[in-house]
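Colleague: I am new to this structure and would like a close look at a single part. Please take one helix and its surroundings, and work outwards from there.

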Amino acid sequence: MISPDPSLTPARVTVLSGGVGGARFLQGLLHLIDVTGAATEVTVVANTADDIWLHGLKVCPDLDTVMYTLGGGIDTERGWGRTDETWHARDELAAYGVEPTWFGLGDRDLATHLVRTQMLDAGYSLSAVTAALCDRWKPGVRLLPMTDDRVETHVAIDDDQAPSGQRAVHFQEYWVRLHAEVPARAVVPVGIDRATPAPGVVEAIRDAELVLVPPSNPVVSIGTILAVPGIGEALRSTAAPVVGVSPIVGGHHVRGMAAQLLTAIGVETGAGAVAEHYGARGAGGLLDGWLVDTADADEVARVEGTGIACRAVPLMMTDTEATARMVLEAYALAAEHLGADR
Ligand code: GDP
Ligand code: CA
């Protein structure tokens with residue numbers, strides 16, 4: 001059982017999130033808030049650089065994963081998409097020979113993309129659309145896209161046929177069609193330099209009492225959020241402590257393709273290396289605190305040497321209770337940091 005310390009409960013927590021890793025972390029955070037009876041407001045700034053237009057529809061995988069997970073509509077086996085899903089529309093599209101066939105949109109999920117695309121076509125912003133979708137799902141957090149502007153991560157891969165020897169594919173094609181099995185040579189969030197933070201994003205970071213960075217992908221989830229002009233600056237200047245959780249355990253990502261993409265950006269696949277990549281806030285980086293798994297206890301000294309407070313605690317999100325304990329460790333590290341500041 002979790003024994004709460006009332007001094008550790010911030011009133012406003014802002015969380016940067018990708019899809020599955022971020023959503024599971026948020027389940028733990030909401031469980032902790034629930035069992036402690038704390039009046040904590042949670043704002044989530046979600047990555048939208050995974051977004052893709054398919055069959056004329058705007059698909060936002062990370063926003064939807066967070067919304068469905070916290071709203072009770074997620075397929076828990078897959079970790080993404082709707083529960084009780086059927087695939088008739090996908091099969092019909094394939095029967096027409098319509099590409100791409102590698103990205104399957106489920107029938108229930110399609111309704112979300114239809115509503116979103118209609119609203120975007122009518123002139124609503126992605127923020128407004130997300131709020132409207134959340135009216136149904138009631139995720140228990142304020143869910144904000146990182147930006148209302150179009151940003152799409154592309155990955156450069158080798159291609160003998162291309163004059164340059166490389167070509168770019170959408171991140172979804174790299175992951176879903178190619179299973180991240182070919183080397184990634186570069187990762188480019190196309191459009192990011194002209195993107196602006198969505199309404200409320202900078203304020204949520206500035207006015208938070210605690211900012212949490214879940215074990216989301218450091219390159220294509222957290223990395224893209226940080227790359228939106230203005231968001232990195234807000235994180236560097238907020239009075240709130242910023243505490244992150246390593247997605248790398250024992251030198252491997254727990255799921256997904258973080259190792260391939262870290263390699264592409266020249267960062268070693270290690271819990272300490274990712275912390276160094278984010279950097280200490282005291283040295284112009286983003287982190288005050290960092291949690292590594294107990295398997296990586298030997299990295300703690302290295303991380304602390306860069307000016308980031310670090311603890312080794314269990315980081316496997318096996319169930320909501322275990323994840324809530326992980327969040328409590330992040331609270332404790334933030335409280336220690338605030339203590340040190342006073
Ligand atoms: P995505 O958008 O669905 O890929 O999800 P995120 O970017 O939010 O999270 C993906 C990251 O979560 C991967 O890099 C995984 O290594 C990490 N991850 C998944 N499950 C766990 C877990 O149980 N513990 C830790 N520490 N990391 C995890
Ligand atoms: Ca994602």
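Modeller: What follows starts at helix α2 and then moves to the pocket, the cysteines, a cavity and some aromatic rings. Keep in mind that this is a predicted model.

Start with helix α2, which covers residues 61–71. How many of its eleven residues are buried? Ten are, so the helix is mostly covered. The buried residues run through Pro 61, Asp 62, Leu 63, Asp 64 and Thr 65. They go on with Val 66, Met 67, Tyr 68, Thr 69 and Leu 70. Just after α2 comes Gly 72, with a positive phi of about 80 degrees.

Now look at the metal. Which residues give the protein donors of the calcium ion, ligand 2? They are Asp 50, through an OD atom, and Asp 62, through OD atoms listed twice. These donors lie 2.0 to 2.7 Å from the ion. Asp 62 belongs to α2, while Asp 50 sits in the loop between β2 (41–46) and β3 (52–54). The pair therefore ties together parts that are twelve residues apart in sequence. Both Asp 50 and Asp 62 are buried.

Helix α2 also takes part in the largest pocket. That pocket has a volume of about 990 Å³. It is lined by 43 residues. Those closest to its centre are Gly 19, Val 20, Gly 21, Trp 175 and Arg 255. Which helix supplies the largest share of the lining? It is α2, with five residues. Four helices each supply at least two residues: α1 (20–36), α2, α4 (107–121) and α6 (171–177). By type, the lining has 22 nonpolar, 15 polar and six charged residues.

Next, step back to Cys 60. Is this residue buried or exposed? Cys 60 has 0% relative accessibility, so it counts as buried. Its closest cysteine sulfur is in Cys 134, 11 Å away. That is too far for a bond, because a disulfide needs the two sulfur atoms within 2.5 Å. Seen from Cys 134, the closest cysteine sulfur is the one in Cys 60, again at 11 Å and too far for a bond. Cys 134 is buried too, with a relative accessible area of 12%. The count for the structure comes to zero disulfides.

Then there is the enclosed space. The structure holds three cavities of 30 Å³ or more. The largest cavity has about 80 Å³ of space. Its lining includes His 55, Ala 89, Arg 90, Leu 93 and Ala 94. Val 98, Pro 100, Thr 101 and Phe 103 are also among the lining residues. So are Gly 104, Leu 105 and Leu 110. Which helix gives the most to this lining? Helix α3 (residues 88–95) does, with four residues. Eight of the lining residues are nonpolar, three are polar and one is charged.

Phe 103, from that cavity lining, leads to the aromatic rings. The structure holds three aromatic pairs. In one of them, Trp 102 and Phe 103 meet edge-to-face. Their ring centres are 6.1 Å apart, with 75 degrees between the planes. Phe 103 is buried, at 13% relative accessibility. Trp 102 is partly exposed, at 21%. The cut-off explains the split: buried means under 20% relative accessible area.

Another pair joins Tyr 278 and Trp 290. The ring centres lie 5.8 Å apart and the planes stand at 75 degrees, so this pair is edge-to-face. Tyr 278 lies in helix α11 (residues 271–278) and Trp 290 in strand β13 (residues 289–292). The pair therefore ties together parts that are twelve residues apart in sequence. Tyr 278 is buried, at 7% relative accessibility. Trp 290 is buried as well, at 0%.

One last point concerns Trp 102. Where is it placed? Trp 102 is in the loop between α3 and α4. Its C-alpha atom is separated by 12 Å from that of His 170. Along the chain, Trp 102 and His 170 are 68 residues apart.

To return to the helix we began with: α2 is mostly covered, holds the calcium donor residue Asp 62 and gives the largest share of the lining of the largest pocket.

Key. Residues are numbered from 1 along each chain as its sequence is written. Chains are lettered from A and ligands numbered from 1 in the order in which they are written. This is a predicted model: local features need pLDDT of at least 70, side-chain atom pairs count only at pLDDT 80 or more; totals for chains, interfaces and linings use all residues. Side-chain values use heavy atoms; hydrogens and water are left out. Donors are N, O and S atoms within 2.8 Å of the metal (3.2 Å for Na, K and Ca); water is not among the atoms, so sites may look incomplete. Buried means under 20% relative accessible area, exposed over 50%, partly exposed in between (1.4 Å probe, protein chains only). On a 1 Å grid over the protein atoms alone, a cavity is a set of points where a 1.4 Å probe fits but cannot get out, and a pocket is an open set with protein on both sides within 12 Å along at least five of seven lines; lining residues have an atom within 4 Å of a point. Grid points are joined across faces, edges and corners, and a volume is the space filled by probe spheres set on the points. Ala, Val, Leu, Ile, Met, Phe, Trp, Tyr, Cys and Pro count as nonpolar, Asp, Glu, Lys and Arg as charged, and the others, Gly among them, as polar. Rings of Phe, Tyr and Trp (its six-membered ring) pair if their centres lie within 6.5 Å; planes under 30 degrees apart count as stacked, over 60 as edge-to-face and the rest as tilted.
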